[in-house]
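The following exercises concern a single protein chain. Study the sequence and the structure, attempt each task, and then compare your reasoning with the worked solution.

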Amino acid sequence: MLDAYGVKAGPEGSFARQCLMARRLSEAGVRFVEICQGGWDHHNNLHKGLINRCAAIDKPTSALLTDLRERGLLEDTLVIFGSEFGRQPTAQGEDGRDHNITGYSMFLTGAGVKKGFTYGGTDEYGIKATEGRMHNNDFHATLLALMGLDHEKLTYRYAGRDFRPDRCGG
């Protein structure tokens, strides 16, 4: 099992250990599990950095998704793979990329997510979303719906205003 996930000693095996622990926690019925892998802020050393980061997450991510599916846990487990924003398709300095808030990718699987479905697209350079743009509020409402919650029924009144979990502050 450790080999399937690519678990290694020290920091190199951190993400793999997190994936294995996430599977175990999901199996035990824990409702929310978050896995984080830092080191993606490639303003320099992009080539080497991406090779290292991708190598650290590829095998463990594949093992986790396979494991969840084989154990029947993926039917009820929502997996979200994303980040706070994307990266510009152009170089920053000699070997880096700057932040991109206008076009980036995420993937969702399990828990009723339609298989093989792609939503949206960017311009030919990957700079900004041109099709199927989705606001964060709509993304949050989608996640809540996949968890069986109606975002509109979660409205609460605070300081004279109505707030909902899908509305990022208002």
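**Exercise 1.** Determine in which helix Glu27 and Arg23 lie, and how many residues apart they are.

*Solution.* Step 1. Both Glu27 and Arg23 belong to helix α2, which covers residues 14-27; helices are DSSP runs of H or I with at least four residues, strands are runs of E with at least two, and both are numbered from the N terminus. Step 2. The two residues are four residues apart, about one turn of the helix. Step 3. Their side chains meet in a salt bridge, with N to O at 2.8 Å; the term denotes a side-chain nitrogen of Lys or Arg within 4 Å of a carboxyl oxygen of Asp or Glu.

The model is predicted: local features need pLDDT of at least 70, side-chain atom pairs count only at pLDDT 80 or more, and totals for chains, interfaces and linings use all residues. Residues are numbered from 1 along each chain as its sequence is written, and side-chain values use heavy atoms, with hydrogens and water left out.

**Exercise 2.** State whether Arg23 is buried or exposed, and classify Glu27 likewise.

*Solution.* Step 1. Recall the cut-offs: buried means under 20% relative accessible area, exposed over 50%, and partly exposed in between, for a 1.4 Å probe and protein chains only. Step 2. Arg23 has a relative accessible area of 6% and is therefore buried. Step 3. Glu27, at 43%, is partly exposed.

**Exercise 3.** Identify which residues the salt bridges join with Arg23 into one network.

*Solution.* Step 1. Glu27 also forms a salt bridge with Arg71, at 2.8 Å from N to O. Step 2. This pair links distant parts of the chain, 44 residues apart: Glu27 is in helix α2, whereas Arg71 is in the loop between α3 (46-70) and β1 (79-81). Step 3. Arg71 is partly exposed at 36% relative accessibility. Step 4. Asp67 forms a salt bridge with Arg71 as well, the closest N and O atoms being 2.7 Å apart, and Asp67 is buried at 7%. Step 5. Through shared partners, Arg23, Glu27, Asp67 and Arg71 are thus joined into one network. Step 6. The whole structure contains six salt bridges.

**Exercise 4.** Explain why Cys36 is not bonded to the closest cysteine sulfur.

*Solution.* Step 1. A disulfide is a covalent bond between the sulfur atoms of two cysteines. Step 2. The criterion used here is a pair of cysteine sulfur atoms within 2.5 Å. Step 3. The closest cysteine sulfur to that of Cys36 belongs to Cys19 and is 11 Å away, so the distance is too far for a bond. Step 4. Cys54 is likewise in no disulfide, the nearest cysteine sulfur, that of Cys19, being 14 Å away. Step 5. The count of disulfides is zero.

**Exercise 5.** Describe the chain: how many helices and strands are there, and what pattern do they follow?

*Solution.* Step 1. The chain has four helices and eight strands. Step 2. Along the sequence, the pattern is α-α-α-β-β-β-β-β-β-α-β-β. Step 3. Of the 170 residues in the chain, 26% are buried. Step 4. The C-alpha atoms fill a box of roughly 50 × 45 × 35 Å, taken along the principal axes.
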